[in-house]
Amino acid sequence: ILPVLPIYAAEFTGQVVGVIDGDTIDVLNNGKAERIRLYGIDCPEKKQPYGRKAKLFASSLVFGKTVTVMIKDRDRYGRTVGEIILPDGKSLNRELVKAGYAWWYRKYAPRDEELRTLQNASMASHTGLWISSNPTPPWKYRRVR
């Protein structure tokens, strides 16, 4: 019988010292700022509609606070990819999707049914960026830049 492995390989706790945009933050790890790309979601780019609002929303939840980073992977830029657990136990990643400030990034989290459900609910209630009838996903926006 093989042991059941946890979804996350490792975790650390640290203070959020920077919010780069809605889906990228800096968290202190052993006295050094570590760049974290939020797993399973993609927020609008800064110059896209709702990009600034996504950053402000994320900042309001995490800046200066101590969070737990559940490490999932590393991206092609060497950034840590993870889920950010807020002091109240909620997930920043999921709160952004719930508030309509991020897309569920199916390409990288295809089996995350909770993200799918949260996105569908925010779309149905026209929350955040879903006020627009056909918002441009950031991965398409980046492709034409």
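Begin by selecting Ser59, which sits in helix H1 (residues 51-62) of this predicted model. Is Ser59 buried or exposed, or does it fall between the two? Ser59 is partly exposed, because its relative accessible area is 21% and the partly exposed class lies between 20% and 50%.

Next, add Gly14 to the selection. The C-alpha atoms of Ser59 and Gly14 are 15 Å apart in space, with these positions 45 residues apart in sequence.

Now display strand E1 (10-21) together with its partners. Strand E2 (residues 24-29) pairs with E1 in the antiparallel sense over 4 bridges, and a hairpin of 2 residues connects them. Within this pairing, Gly18 stands opposite Asp26 in E2. E5 also runs antiparallel to E1, joined by 6 bridges; here Glu11 faces Met70.

Turn then to the largest nonpolar core, which has 32 residues. Which of its residues touch the most other members? They are Val62, Ile84 and Leu96. Select Leu96 and its surroundings: beyond its neighbours within four places in sequence, Leu96 is in contact with residues including Leu38, Ile41, Phe57 and Tyr101.

Finally, show the largest pocket, with a volume of about 830 Å³. Of the 34 residues that line this pocket, Arg37, Asp42, Tyr105, Tyr108 and Arg142 lie nearest its centre. Among the elements giving two or more residues to the lining are strands E1 (10-21) and E5 (66-74), as well as helices H3 (113-124) and H4 (138-143). Colouring the lining by class gives 17 charged, 14 nonpolar and 3 polar residues.

Conventions
Residues numbered from 1 in each chain as written. Predicted model: local features only at pLDDT ≥ 70, side-chain atom pairs only at ≥ 80, totals over all residues. Heavy atoms only, no water. Core = buried A, V, L, I, M, F, W, Y, C linked by side-chain atoms within 4.5 Å. Buried < 20%, exposed > 50% of the residue type's maximum accessible area, 1.4 Å probe, protein only. Contact = heavy atoms within 4.5 Å. 1 Å grid on protein atoms, 1.4 Å probe; cavity = no way out; pocket = protein on both sides within 12 Å on 5 of 7 lines; lining within 4 Å. Points joined across faces, edges and corners; volume = space filled by probe spheres on them. Nonpolar A, V, L, I, M, F, W, Y, C, P; charged D, E, K, R; others polar. Pairing = 2+ DSSP bridges.
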